[in-house]
Amino acid sequence: MALGALVVAMVARRDSKRAADAADDSAAAAKASVDLETAREQRHLERSDVEWEFASPDERTVVLRNAGSTTAYRAEVVFTIRGERYVVAHDEVRAGGAVEFDSSEIALQARSQYQAEVAAEGDAGVLYIAYPTIRARARVTWETKLGTPGFRQLGPYPSP
């Protein structure tokens, strides 16, 4: 009889431990759900002012400036220049900060191509008065401090 009582007590203890573990798991899942909802609500209420604009000083550098009043986090800019894509990434771009791309090699190639075209047109007797303009487009993705994504497309720059 004592042996039977001992077996029943052991089974009851095991079941009690399983129930306690299940209760702990349930409490952890409930806390995670509350934390997720809280984060979602905070992102919904978060205010962000990230505005992008071209601010290139010359044809050798393409600059995209954060003209807003808040920081852009995990910013990635895809510049498209003369049909080629160039990716520049920054962990953060503060208000007033900029993303720069050195386009000097592209400018040299454009100038060489332009000079060859002018020479060919001149040989054919055509007066060719134009100057090569490198137009850039930009696609920017970033996140706010709380992880809300942002997206913007700009260009062409300079405007035709």
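**Exercises on strands, core and pocket**

Strands β1 and β2 run antiparallel and are joined by three bridges, where strands are DSSP E runs of at least two residues and helices are H or I runs of at least four, numbered from the N terminus, and where two strands pair if DSSP finds at least two bridges between them. The model is predicted, with local features needing pLDDT of at least 70 and side-chain atom pairs counting only at pLDDT 80 or more, while totals for chains, interfaces and linings use all residues. Residues are numbered from 1 along each chain as its sequence is written, and side-chain values use heavy atoms, with hydrogens and water left out.

**Exercise 1.** Trace the pairing of β2 on the strands β1 and β5, and state how far β2 is covered.

*Solution.* Begin with β1 and β2, which form a hairpin with six residues between them; within this pairing, F54 has L64 in β2 as its bridge partner. Next, turn to β5, which runs antiparallel to β2 and is joined to it by five bridges, and here L64 has V99 as its bridge partner. Finally, consider burial, which means under 20% relative accessible area, with exposed over 50% and partly exposed in between (1.4 Å probe, protein chains only): five of the six residues of β2 are buried, and the strand is mostly covered.

**Exercise 2.** Identify the residues with the most contacts inside the largest nonpolar core, and the element that gives the most to this core.

*Solution.* A nonpolar core is a set of buried Ala, Val, Leu, Ile, Met, Phe, Trp, Tyr and Cys residues joined through side-chain atoms within 4.5 Å. The largest one has 23 residues, and W52, F54, L64, F79 and I81 have the most contacts inside it. Two or more residues come from each of β1 (52-54), β2 (61-66), β3, β4, β5 (98-102), α2 (104-123) and β6, and β3 gives the most, with five residues.

**Exercise 3.** Write down the strand order of the open sheet of four strands, and describe the hairpin formed by β6 and β7.

*Solution.* The order is β4-β3-β6-β7, with antiparallel pairing. The edge strands, each pairing on one side only, are β4 (84-93) and β7 (149-157). Strand β6, residues 136-143, pairs with β7 over seven bridges in the antiparallel sense; A138 stands opposite L154, and W142 has G150 as its bridge partner. Five residues lie between the two strands of this hairpin, and G147 in the turn has a positive phi of about 100 degrees.

**Exercise 4.** Locate the cis peptide bond and the arginines R74 and R82 with positive phi.

*Solution.* The bond from G155 to P156 is cis, with omega near 0 degrees, and P156 lies in strand β7. R74, whose phi is near 50 degrees, lies in strand β3, residues 72-81, and counts as partly exposed because its relative accessibility is 45%. R82, with a positive phi of about 55 degrees, is placed in the loop between β3 and β4, and counts as partly exposed because its relative accessibility is 42%.

**Exercise 5.** Characterise the lining of the largest pocket by class.

*Solution.* On a 1 Å grid over the protein atoms alone, a pocket is an open set of points with protein on both sides within 12 Å along at least five of seven lines, whereas a cavity is a set where a 1.4 Å probe fits but cannot get out; lining residues have an atom within 4 Å of a point. The largest pocket has a volume of about 180 Å³, and of its 13 lining residues D58, E59, I134, Y157 and P158 are the closest to its centre. By class, the lining has seven nonpolar, four polar and two charged residues, with Ala, Val, Leu, Ile, Met, Phe, Trp, Tyr, Cys and Pro counted as nonpolar, Asp, Glu, Lys and Arg as charged, and the others, Gly among them, as polar.

Definitions and conventions:
Points joined across faces, edges and corners; volume = space filled by probe spheres on them.
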